[in-house]
Amino acid sequence: MCKLCDQGLPQRHDDEASPARPEPRWDARRGFLKATAAAGTAAAGAMALFAPKPALAHGGDDVPEHSGRHGRRYLIKGGAVMSMDPGIGNFEQADVLVEGRKILAVGPNLHAWGVPVIDARGRIVMPGFVDTHHHLFETSLRSFLADGLLFDGLDPAITQNYFQKILLTFAPVYRPQDVYINTLFGSLSQLDAGVTTVHDISQIHHSPTHSDVQVKALKDSGQRAVFGYFESAGGVAGNQYPNDAKRLKLTHFSSTDQLVTMFMGGEIYLPGYEAAWKLGRELGLPIAAHIVGTFGMRPTFDLLAQGLGGDSGTLGLGPDNFFIHMTGMSDLAWQKVKDVGASVSLAVPIEMNMAHGTPPILKVMSLGIKPSLSTDVECTLTADLFTQMRTTMALQRMFVNANTLGEPNMPPTGSLPRLNARDVIGYATINGARDLRLEAKTGSLKPGKEADIVILDAEAINVAPLNHVPGAVVSLMERHNVETVIVAGKVRKWKGRMLDVNLNHLRRQLENSRDHIFATAGIPRDLFRPS
């Protein structure tokens with residue numbers, strides 16, 4: 001940290017490492033490190049995963065220097081601004097002024113003399129996306145389970161399924177360095193797709209070291225994140241879940257003003273979940289759980305809805321609860337979720353693909369619950385919010401359209417309106433921020449909030465000409481339209497390129513981790529294996 005830079009007086013910090021980069025070594029406290037003695041190019045402990053920063057100058061195509069630092073300003077100028085805040089509104093052409101970590105002003109024709117300008121003409125400027133449920137530790141298992149279901153026995157023809165293969169076979173063999181590189185690479189990939197905030201639910205807490213390096217990876221990525229402290233998948237001997245939550249909170253989450261915060265996980269299908277819920281509440285942490293009818297959770301969840309849950313028969317639902325999927329639950333339980341103000345995250349494409357049950361989009365709408373969206377697992381589907389928004393909107397409209405047309409055997413939709421593009425953008429931004437207890441910091445473009453911003457290319461070949469901003473974002477855009485990504489004022493992606501990362505180097509580390517995980521789990525790698 002440079003005091004002069006923090007005071008708004010930028011200094012040069014570009015003592016760069018030699019271009020000859022040795023392979024890193026692993027250190028449980030620090031991650032992948034440079035081979036310091038042999039290379040003689042950097043201080044011990046310097047991270048090799050991040051590429052050196054270029055020397056930058058103010059100019060039309062240059063990244064604003066020292067973005068995100070105290071007192072440093074820049075102006076995003078001339079874009080179509082979708083604020084997601086009703087008090088601010090939307091503008092066909094307007095500006096966003098950023099100072100340090102925060103948004104200073106939003107509106108047309110802002111003037112800030114002598115500050116760097118980001119030219120946003122022909123672009124859409126909006127809040128970064130919020131993914132409220134993602135398993136980053138599975139990044140090296142991408143596409144492995146594209147045809148898979150939730151667990152064995154649902155379809156005899158499909159033998160590669162999630163619970164048995166991912167959680168009980170692969171997950172238990174993860175080393176701390178596997179946790180680190182999977183979490184880091186997955187987090188950076190989401191930043192590339194415009195996801196500025198993620199709730200990382202990784203059931204990989206086999207030891208305190210595993211937990212510590214996961215937190216470190218989230219912090220090193222620069223993404224805003226909620227660290228979801230869940231179980232050790234497979235119950236690896238020596239794991240300290242849930243009791244290590246006390247140490248983790250004290251060590252890593254003592255401040256409420258930081259980029260990475262903490263939730264407590266407590267899966268109701270696991271024995272002893274009551275201890276996790278009670279500990280989380282003792283520590284003042286929100287309590288998260290997957291609620292899936294396919295797993296037979298309905299009776300247990302009904303007891304919780306009646307305040308009769310857990311071994312004591314006294315555990316109940318509360319406003320501190322965050323529930324994922326919520327498929328196959330009773331009307332009684334749904335009403336209680338509504339009444340107590342618990343949060344609901346939908347992962348619609350995954351729920352449709354993996355037999356979680358029908359995504360409860362109609363139920364949340366009928367009760368007036370405003371859900372958030374989540375990507376879930378990349379072993380099966382992509383982790384971008386464009387896919388989530390499109391699929392959620394299409395599914396809900398299919399139900400309503402089928403009822404309008406009188407098609408048989410469809411769930412009734414009554415007078416529910418059809419979802420529109422702006423609705424699902426709200427699910428993917430401000431609703432997600434609210435559900436992660438981050439609404440005061442992110443989810444909309446409002447002065448005083450932290451500057452989590454994405455700039456989307458509306459002149460790209462798949463979007464131009466721009467005729468409707470929400471429609472373009474939901475119905476046309478993809479990852480490659482995400483041109484610039486800003487988290488807490490700091491530019492992380494610029495003109496289509498991730499900054500300060502050596503992606504080739506990271507990819508090699510991820511591939512090495514993948515090879516170790518497959519070999520140790522005894523699963524052969526076959527690029528064309530059957531389901």
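Helices and strands here are DSSP runs, a helix having at least four residues and a strand at least two, numbered from the N terminus. The model is a predicted one.

**Exercise 1. Locate Pro 242 and state which kind of peptide bond joins Tyr 241 to it.**

Step 1. Pro 242 is found in the loop between strand 10 and helix 6.
Step 2. The bond between Tyr 241 and Pro 242 is a cis peptide bond, with omega about 0°.
Step 3. A cis peptide bond also joins Ala 464 and Pro 465, where omega is about -5°. Pro 465 sits in the loop between strand 16 and helix 15 (469-475).

**Exercise 2. Give the strand order of the open sheet formed by eight strands, and find the strands at its edges.**

Step 1. The order is 8-9-10-11-12-13-14-15, and the pairing is parallel.
Step 2. Strand 8 (129-134) and strand 15 (372-373) each have a single partner strand, so one side of each has no neighbour in the sheet and these two are the edges.
Step 3. For one pair inside this order, take strand 10 (residues 224-229) and strand 11 (residues 260-265), which are joined in the parallel sense by five bridges. Gly 228 has Phe 263 of strand 11 as its bridge partner.

**Exercise 3. Work out which parts of the chain are tied together by the salt bridges of Asp 95, Arg 224 and Lys 246.**

Step 1. Side chains of opposite charge can pair when their charged atoms come close. The structure has 26 salt bridges.
Step 2. Asp 95 and Lys 77 form a salt bridge with an N to O distance of 3.2 Å. Asp 95 belongs to strand 4 (residues 90-99) and Lys 77 to strand 3 (residues 73-82), so this pair ties parts 18 residues apart in sequence. Asp 95 is buried at 3% relative accessibility, while Lys 77 is partly exposed at 31%.
Step 3. Arg 224 and Asp 452 form another salt bridge, at 2.6 Å from N to O. Arg 224 is in strand 10 and Asp 452 is in the loop between helix 14 (430-435) and strand 16 (453-457), so the parts tied together are 228 residues apart in sequence. Both Arg 224 and Asp 452 are buried. They belong to a network of salt bridges that also links Arg 101, Asp 257, Lys 441 and Glu 450.
Step 4. In the salt bridge of Lys 246 with Glu 282, the closest N and O atoms are 3.9 Å apart. Lys 246 is part of helix 6 (residues 245-252) and Glu 282 of helix 7 (residues 273-282), so the pair ties parts 36 residues apart in sequence. Lys 246 is partly exposed at 44% relative accessibility, and Glu 282 is exposed at 58%.

**Exercise 4. Check the span of helix 12 (residues 385-404) and describe what lies at its start and after it.**

Step 1. Helix 12 has 20 residues, and the expected span is 1.5 Å times one less than the number of residues, which gives 28 Å.
Step 2. The end C-alpha atoms of helix 12 are 28 Å apart, in agreement with the expected span.
Step 3. At the start of helix 12, a side-chain oxygen of Asp 384 comes within 3.0 Å of the backbone nitrogen of Phe 386.
Step 4. After helix 12 comes Gly 406, with a positive phi near 75°.
Step 5. Buried residues of helix 12 include Leu 385, Met 389, Thr 392 and Gln 396.

Key: Residues numbered from 1 in each chain as written. Predicted model: local features only at pLDDT ≥ 70, side-chain atom pairs only at ≥ 80, totals over all residues. Heavy atoms only, no water. Pairing = 2+ DSSP bridges. Salt bridge = Lys/Arg side-chain N within 4 Å of Asp/Glu carboxyl O. Buried < 20%, exposed > 50% of the residue type's maximum accessible area, 1.4 Å probe, protein only. Polar contact = N/O pair within 3.5 Å; in protein donor to acceptor, adjacent residues only side chain to side chain.
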